[in-house]
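Me: I am new to this structure and would love a close look at one part of it, the aromatic rings. Could you walk me through them in a connected way?

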Amino acid sequence: MKFSSASLVPLLLATQSYAACQKYVDAAKSAAKNLQSKYFKDGTYGDQAVWISAVDTFYLEQLDAVAGTKDYATVIDTVFRGQEDYLDNGGSYDDVQWVVMAYLLAGNQERAKHFYDIASTALEDTYCGGGLFWSSARDYKNSITNELYMATSGYLYEVTQDQAYLNNLKNISAWVKQSKLRGANGLFNDGLTKDGKCDNNGQTTWTYNQGVVLVGLGYLSKYAQDDTAVTDAFSIIDAVIDKLTTDGAVREPCESADQNNCNADQASFKGIFTYYLSWFLRVSGKDNNGKYANFVKSQADKVLENAQTSDGVFYNYWPAKGASAGVENASTQGAALGALVGAGQLDC
C-alpha cells in the first residue's frame, strides 16, 4: 500500500458549529477551570506526558468551540514548550499525532502537517504487510498509532479537501481491517506480535483503542461513502458496552472500585474513548436510534454522579461513587473533561 503526503497552506479552520447540551457544557467549564488552575503552570502542564497535554489542549479548544468562547485559545501557543526536540526527533509516532489534532483544531495547518509528516515516516509495507511502526525502533506495529493515522488523515482531508489525505485514510483503514489488531471478542488489543507472524498479541484492550478508530471510520463513511465503516463502528461500540463497562460506566481493565493499577497514561483513556465516540457520531451522522448518543451522555452523567469529589474536581472511577481505590490527578481531570465536552457537543 502506498501513502502520500500533501502540501498544506496555513488557513484558519472555519468556526465549527455544534449542537449543545448546556448542562454538560457548564460542567465541562468547571472541569476545565480546575484542570487549568491546578495543573497548568507557566504555560505548560509541567512533567505530564506531552501526548496527554495535547489531548487536554484539544478538549479545551473543543470546549471553546461549543461554548462560543476563546478562554483557552492561547494554550496551544505554549503547551509544548520544552518538548519541541522530543516531538521532532523522539521517534514517537503516536505522540506526534495527538499534537496534529491540537494544532489542526487551533487552525495551524502548517504545524499539523509538520507532525503528520513525521508520523508518515513510520509507514512501511513489508513488515506485517503495511501500517505504521509505533516508534523509531521500528519493531512493533500497534493499534493506537495506526488508528490515529486514520483519524488524522480523515481530519486533514476534511479541512483541506486534498485527495492525498483521503487516499491515506482509505489505505490505512484497509490495512487495519485486514490486520489482526482486532481480537475475536470484537475489541482491539494493543498490537501485533513481534515474531514475524504479526498475530494479535493478546495484550490489554484499552478503551482508547476502541475510541480513536471510530473517528477514522466516521470519516471513511462520510467521505468514501463506505457503509461497512459504520457497521464496523457499531460493532466496536457494542463490544465496549458489553465487555468494558461496569454498572453502565466505561471502566479500564486496570481499575476496579477497590484496586487501581492504572498509570497516568491509562487514566486518560476513558475520556478519549467517550470523546471520540461523540466525534464519530457527529462526523458520520449515524447512530443506532440514538443508542450511542445516549451512551455518551450516560458516561457524562456517571462522571458527574460518581466521580466528582468536589465542584469540578474528578477522580478516576466512574461506575460507582466513593470507590476506595479512587485517585484524582491531572489525567483523571482531563478524562472527565473529555467525557463532558463530548456529551456537551450532542443534543440533550
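At what relative accessibility does W51 lie, and does W51 count as buried or exposed?

Reply: Happy to help! This is a predicted model, where local features need pLDDT of at least 70, side-chain atom pairs count only at pLDDT 80 or more, and totals for chains, interfaces and linings use all residues. Residues are numbered from 1 along each chain as its sequence is written, and side-chain values use heavy atoms, with hydrogens and water left out.

W51 counts as buried, because its relative accessibility is 6% (buried means under 20% relative accessible area, exposed over 50%, partly exposed in between, with a 1.4 Å probe and protein chains only).

Now for its surroundings. The structure holds 26 aromatic pairs (rings of Phe, Tyr and Trp, the last by its six-membered ring, with centres within 6.5 Å; planes under 30 degrees apart count as stacked, over 60 as edge-to-face and the rest as tilted). One of them joins W51 and F269: the centres are 6.1 Å apart and the planes stand at 40 degrees, so this pair is tilted. W51 belongs to helix α2 (residues 50–67) and F269 to helix α12 (residues 269–284), so the pair ties together parts 218 residues apart in sequence (helices are DSSP runs of H or I, at least four residues, numbered from the N terminus). F269, at 4% relative accessibility, counts as buried too.

F269 also forms an edge-to-face pair with W206, 5.5 Å centre to centre and with 70 degrees between the planes. W206 lies in the loop between α8 (163–178) and α9 (207–224), so its pairing with F269 in helix α12 ties together parts 63 residues apart in sequence. W206 is buried, as F269 is.

Conventions. Helix = DSSP H or I, 4+ residues; strand = E, 2+ residues; numbered from the N terminus.
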